[in-house]
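Colleague: Please take a close look at one part of this model, the ligand site with its metal ion, and describe the contacts and the coordination formally.

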Amino acid sequence: MKTLKKSGLSKEEMIQAYREVLRGRRLDERLWQLTRIGKTSFNISGQGAEVAQVAMAMAFDPKKDYFLPYYRDMTACLVWGMTSKDVLLGSFGKEADPSSHGRQMPNHYGSKEHNIVSFSSTVSTQMPLATGVAYSAQLEKSDFVTLTTTGEGSANQGEVQEAMNFAGVKKLPVIFVVENNDYAISVPIKEQYANEKMSDRAHGYGFEGITVDGNDFTEVYLTFKKAVEDARSGKGPKLIELMVSRLTSHSADDDQNVYRSKEEIEEMKKHDPLDTFEKQLIDEGYLSKEEIEKMDEEVRAEVDKATDEAEAMPDPLASSLLEQVYAK
Ligand SMILES: Cc1ncc(C[n+]2csc(CCOP(=O)(O)OP(=O)(O)O)c2C)c(N)n1
Ligand SMILES: [Mg+2]
């Protein structure tokens, strides 16, 4: 694993990165609690992918770059500019929810203000849309880069091949990401695809594919930094496969103990990226254990406040159901 120093980020930026990882974890824990006590209807979580998502998102310029995420990308969306309260408004289905004004399922992130394009529950349909957004950058001679993500099971959908093929032909400024967490709901990777690495598929479309350990902050950050520079300077797309874990069940609607062994789950939890990142920060002198504990208290307080504020907001009115669905 590369040292954090090798990332080239300043001490302040690295501490901010950790705060985002911690926020992603604590906020997701809150979303699970709310689902379990019946205050919200659903959660699907990115626990185990937070370090990879923060390192990925920090390589972009959210002020101009576009993000077409998938449902596990909450932490990346926070780095892109969404707030804990924005996420909670979506989970509570409130009118002020920036993703869909409470019309969509929770975890379907979108924000016009932050260049985050909302997506469909039909997996991977964001991929051809991302190719289209990147094509618009090329046609308009704008230098923004488009990022889109999906899971390794969803990467087998036909439209992913169409999206990558056209992006390769036109050398579009788009970065395709597969967050490979070993499972598509209950189906393990050996039953999902036969090639050794998902990223090898990129060669068939005429661009580079890279597989990265999603627990290695520096490696992920530097890989994306180079990919963003290449895309911005007209060198075309990349496919980046992030090897991450899915620490939780697929969603609030299943129990992974049914299809994963106790030993497998315990082994995975020993490599929780939050713990690895914390240890690196302490060992390399960025933060002390006490500073981490203090930051954790601050983040928990922020999540509590955001929960109370979001819960107190008004629900959508039944009479306005058909508003906010189509652009006028
Ligand atoms: C076209 C389509 N088929 C099936 C589903 C149901 N579904 C939702 S998520 C999912 C598994 C996706 O697994 P993966 O792509 O590995 O992503 P992960 O959830 O593991 O991050 C499935 C089958 C769907 N939403 N859309
Ligand atoms: Mg998966």
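Modeller: The account below takes the ligand first and the metal ion afterwards. This is a predicted model, in which local features need pLDDT of at least 70 and side-chain atom pairs count only at pLDDT 80 or more, while totals for chains, interfaces and linings use all residues. Residues are numbered from 1 along each chain as its sequence is written, and side-chain values use heavy atoms, with hydrogens and water left out.

Ligand 1 is surrounded by 16 residues (a heavy atom within 4 Å), the closest being Tyr-70, Tyr-71, Arg-72, Ser-154 and Tyr-183. Polar contacts are pairs of N or O atoms within 3.5 Å. In one of them, a side-chain N or O atom of Arg-72 lies 2.7 Å from an oxygen atom of ligand 1. The backbone also takes part: a polar backbone atom of Tyr-183 is 2.7 Å from an oxygen atom of the ligand, and a backbone N or O atom of Gly-153 is 3.0 Å from a ligand oxygen. Taken alone, ligand 1 exposes 580 Å², of which the protein buries 73% (Shrake-Rupley method, 1.4 Å probe).

Tyr-183 recurs at the magnesium ion (ligand 2), which is coordinated by its O atom, by Asn-181 (OD1) and by two OE entries of Glu-152, at 2.1 to 2.6 Å. Donors here are N, O and S atoms within 2.8 Å of the metal (3.2 Å for Na, K and Ca), and sites may look incomplete because water is not among the atoms. The donor residues follow the sequence spacing E-x28-N-x1-Y. The arrangement is irregular because the six donor atoms around the magnesium ion subtend angles of 52 to 178 degrees; six donors count as octahedral if opposite donors are over 155 degrees apart and all others between 65 and 115.

Terms used:
Chains lettered and ligands numbered in written order. Polar contact = N/O pair within 3.5 Å; in protein donor to acceptor, adjacent residues only side chain to side chain. Tetrahedral: all angles 85-135°; square planar, octahedral: opposite > 155°, others 65-115°.
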